Amino acid sequence: MSLKIAVGGKGGVGKTTVTALLARCLAADKNNKVIAIDADPVANLAAGLGIPEDQPITPISQLTELIAERTGAKPGTMGGFFTLNPKVDDIPDRFSRERDGVRLLVMGTVQSGGSGCICPESTILKALMNHLVLFRNDIVIMDMEAGVEHLGRATSASVDALVIVVNPGARSRAAAEKIRKLGRDIGIKNIIVLGNRVKSDEDRELIRSTLSDFPILGFLPEHEEIVAADRDARRAFENIQEAPRELFDIVGQLTDMKKN
């Protein structure tokens, strides 16, 4: 299956935990090839996937020798002449870590020139994201800073959904609206909400009423195992089959959405 999902949400809503659980659940089907992309500047998706800290992953944006080789320009520079369509198809296999069927790539950030700079690092990152979304016949799930970092108009039409993770509360609307606007600005059509850390029917109704004009993908309950895993610096649900049934229902909706 080829499925491309971007996951966004404001800090503290559990976006990275949700991304990791979705990726692991998708990979539980051995027929699926799953690539998880950590595109959040605060990169901690590895922990959620259970990749040990003693196996550090160098962010793609920090591979200075590779970037110079592929673009013809030294990282950290701006302007001048360099290749705008560098070779990137070997990067996912060479610079990722894999556990339980999920292959993780850490994108990293561009340290100079601002988010819109034309520089060797940003060129590599955008080319790699284009390759992953447009040309890989895999499931790609992306943990994004605000839902759209590293994505551009060239790839947005092929993103099957932008999932905005929210918690119960009145502040959810402002964050969701901001992320939806960013997604719409680059042409993502399917923008949906996933409620996380839901404790009651009242929480569900609050999310529905606060975000009444958003499609709701589903709700994930507050779970002591997730809290304990975060406290103990380990991944939640070592046996992913023991995760809440709601998680598998949400994954089923995502895959059905692609089929339809």
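Begin by selecting glycine 187, just after helix H7, where the backbone takes a positive phi of about 95°. Helices (H or I, at least four residues) and strands (E, at least two) are DSSP runs, numbered from the N terminus. The model is predicted, so local features need pLDDT of at least 70 and side-chain atom pairs count only at pLDDT 80 or more, while totals for chains, interfaces and linings use all residues. Residues are numbered from 1 along each chain as its sequence is written, and side-chain values use heavy atoms, with hydrogens and water left out.

**Helix H7**

Step back from glycine 187 and select residues 172–185, which form H7. This helix has 14 residues and reaches 20 Å from its first C-alpha to its last, close to the 20 Å expected at 1.5 Å a residue; the expected span is 1.5 Å times one less than the number of residues.

Colour Ser172, Ala175, Ala176, Ile179, Arg180 and Gly183, which are buried. Here buried means under 20% relative accessible area, exposed over 50%, and partly exposed in between (1.4 Å probe, protein chains only). Seen down the axis of H7, the buried residues fall within an arc of 130°, so they line one face of the helix. The arc is that of the directions from the helix axis to the C-beta atoms. An α-helix has 3.6 residues a turn, so residues three or four places apart point the same way. On the other side of H7, Ala174, Lys178, Lys181 and Arg184 are exposed.

What covers the buried residues of H7? The cover includes strands S1, S6 and S7, where contact means heavy atoms within 4.5 Å. H7 lies across these three strands and runs at about 165° to S6. For such angles, axes are lines fitted to C-alpha atoms, for helices over the stretch in contact, and angles run from 0 to 180 degrees between N-to-C directions.

**The sheet**

Now display the strands alone. Eight strands form an open sheet in the order S3-S4-S2-S5-S1-S6-S7-S8, with mixed pairing. The edge strands are S3 (97–99) and S8 (216–221), each of which pairs on one side only. From one strand to the next, the twist averages 25°. Two strands pair if DSSP finds at least two bridges between them. Strands of a sheet pair through backbone hydrogen bonds, either parallel or antiparallel.

Select S1 (residues 3–8) and S6 (residues 161–166), which pair in the parallel sense over four bridges. Isoleucine 5 has alanine 161 in S6 as its bridge partner. Next add S7 (191–198). S6 and S7 are joined by five bridges, again in the parallel sense, and valine 163 stands opposite isoleucine 192 in S7. Seven of the eight residues of S7 are buried. Helix H8 (residues 201–210) also packs on the sheet, touching S6, S7 and S8, and its direction makes about 155° with that of S7.

Move to S4 (residues 102–106): four of its five residues are buried, so this strand is largely enclosed by the rest of the structure. S4 pairs with S2 (residues 34–39) in the parallel sense over five bridges, and alanine 36 stands opposite leucine 104. By contrast, three bridges join S3 to S4 in the antiparallel sense, with arginine 99 opposite valine 102. S3 and S4 form a hairpin with two residues between them, and aspartate 100 in the turn has a positive phi of about 50°.

**Glycine 9**

Where is glycine 9? Glycine 9 is in the loop between S1 and helix H1 (15–27). At 3% relative accessibility, glycine 9 counts as buried. Leaving aside neighbours within four places in sequence, glycine 9 is in contact with Lys15, Glu145, Val165 and Ile179. Draw a distance from its C-alpha to that of glutamate 98, 89 residues apart along the chain: the separation is 25 Å.

**Helices H5 and H10**

Select residues 120–135, helix H5, which has 16 residues and reaches 21 Å from its first C-alpha to its last, close to the 22 Å expected at 1.5 Å a residue. Twelve of the 16 residues are buried, so H5 is largely enclosed by the rest of the structure. Among them are Glu121, Leu125, Met129 and His131.

Then find threonine 255 in helix H10 (residues 245–259). Threonine 255 is buried, with a relative accessible area of 12%. Beyond neighbours within four places in sequence, threonine 255 is in contact with Met1, Leu3 and Leu26.

**Cysteines**

Finally, select cysteine 25, buried with a relative accessible area of 5%, and cysteine 119, buried at 0%. A disulfide is a pair of cysteine sulfur atoms within 2.5 Å, and by this rule the count comes to zero disulfides.
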